[in-house]
Number of protein chains: 2
Amino acid sequence: MKKKLTIDVCFSPSLYPVYHRDDCIVVVIDILRATSAMCTAFHNGVEKMIPVASLEEAAEYKKQGFLVGAERNGIALEGFDFGNSPYSYMTDKIKGQTIVISTTNGTQAIEVARNASQVVIGAFTNITALCAWLSEQNKNIILLCSGWKNKFNLEDTLFAGAVSQRLLKNSKFNYGDAALSVSFLYQQAETNPYKFIRNSSHAERLAALGLKHDIKYCLALDKTDIIPVLEGKYLVKLS
Amino acid sequence: MKKKLTIDVCFSPSLYPVYHRDDCIVVVIDILRATSAMCTAFHNGVEKMIPVASLEEAAEYKKQGFLVGAERNGIALEGFDFGNSPYSYMTDKIKGQTIVISTTNGTQAIEVARNASQVVIGAFTNITALCAWLSEQNKNIILLCSGWKNKFNLEDTLFAGAVSQRLLKNSKFNYGDAALSVSFLYQQAETNPYKFIRNSSHAERLAALGLKHDIKYCLALDKTDIIPVLEGKYLVKLS
């Protein structure tokens, strides 16, 4: 019998070393809002993105004349061009540009996974394209939730559940405990994810900042069929 | 409004530093089978247990004449007195004794949480006593799942869900994303936890070792009302 491929879920960037395998595809997930915003940026014509973990690097790129998105704790930082609201990337000025982005959680997750075989960006907004592509690969998959400051969060977990549920229908994948658990969890949220997550800690944080429309956008399916993929220091469109 | 107490869930000993707060009660969970076995040992009259992370320490205690339980990868190690099957602790020879125990995951989890305000041992076999006691304390709670070699596992998560579900009925507790998620997961498993977890990775591992009866025992509720608690290097009965 051919050995099945595994789908694993890692709930925190700081737990990633426990899950790392050189031959894995890592899907980085930061639903509210970094990976959702990245998908939006590519859909709106950005050419490349440079995800950076620290604000020092972001500021350095800004000095060099790049367009830079920078967010911490849900708030777009002054002196930069964008935060991580997907809406801020719906603009013609990003077309054909290389833009830099640094966020509280998502860009940290990309950083820790950098040495995986392939690192792609997942969000509800590109879920169907992502799952179709993952199904065609013959590699083990790690769904890496960015979480909140290295703690578990609900919205990234639900997305991991949505992906697991779709992939487990494909018999070439085997489920571990985590993929099984998150797909059960997603079953309960599926009919109304917004209702399910509106009491989550980060949704509350964003709602307090007046960003409910961001949450709704980030939970909407299939706004794009682009899958951003890491190539060296750049995120580019997977071709 | 009085600030509510938090219930958090940590899915891996190696993630514990992210969750640690000096003032927390930590519930260490290793359902299959270390914490279930510890509850059984105290119920059968053991006086104290010394949990140790390494086999070197376990062997050292054995040399000194202690009764010692030692398990790795589901298997009781040769040259010691017990593994971590609860059934092996249902014996008169432990009555009044101080026994040492080292297991694949559970004793590692105790080790990382050692500096918390209080460390107690949780299992389905003492869940009602544990939840009643936790409800009476005025402290934040961390449910620490031992997992499997620092990865997420299903059975510890389900127990965290069972505890969260019970405690969240008490309005003095606030739920974070993790407690909310695990209690939803437990809802789905509640009517038949054995059926739910029998395909989990560790249940499969134990079943392959002929230990299905251990799994069933470890999922049974309220075999004891003893709560083991860490005092210095010893686990003793909480009085």
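A residue counts as buried when its relative accessible area is under 20%. With that cut-off in hand, here is a friendly tour of some salt bridges in this predicted model. A search of the whole structure turns up 14 salt bridges over all chains, and three of them are described below, including one that crosses between chains.

**Between chains A and B**
- The side chains of A:K151 and B:D8 form a salt bridge, with an N to O distance of 3.6 Å.
- This pair runs from the loop between β8 (141-145) and α6 (154-168) of chain A, where A:K151 sits, to strand β1 (residues 5-10) of chain B, which holds B:D8.
- B:D8 counts as buried because its relative accessibility is 17%, under the 20% cut-off.
- Its partner A:K151 has a relative accessible area of 28%, so this lysine is partly exposed.

**Within chain B**
- B:R33 and B:D214 meet through their side chains in a salt bridge of 2.8 Å, N to O.
- B:R33 belongs to the loop between β2 (25-29) and α2 (34-43) of chain B, while B:D214 belongs to helix α10 (residues 212-219), so the pair ties together parts that lie 181 residues apart in sequence.
- Both B:R33 and B:D214 are buried.

**Within chain A**
- A salt bridge also joins the side chains of A:D92 and A:K95, at 3.5 Å from N to O.
- Here A:D92 is exposed, and A:K95 is exposed too.

Technical notes
Residues numbered from 1 in each chain as written. Chains lettered and ligands numbered in written order. Predicted model: local features only at pLDDT ≥ 70, side-chain atom pairs only at ≥ 80, totals over all residues. Heavy atoms only, no water. Salt bridge = Lys/Arg side-chain N within 4 Å of Asp/Glu carboxyl O. Buried < 20%, exposed > 50% of the residue type's maximum accessible area, 1.4 Å probe, protein only. Helix = DSSP H or I, 4+ residues; strand = E, 2+ residues; numbered from the N terminus.
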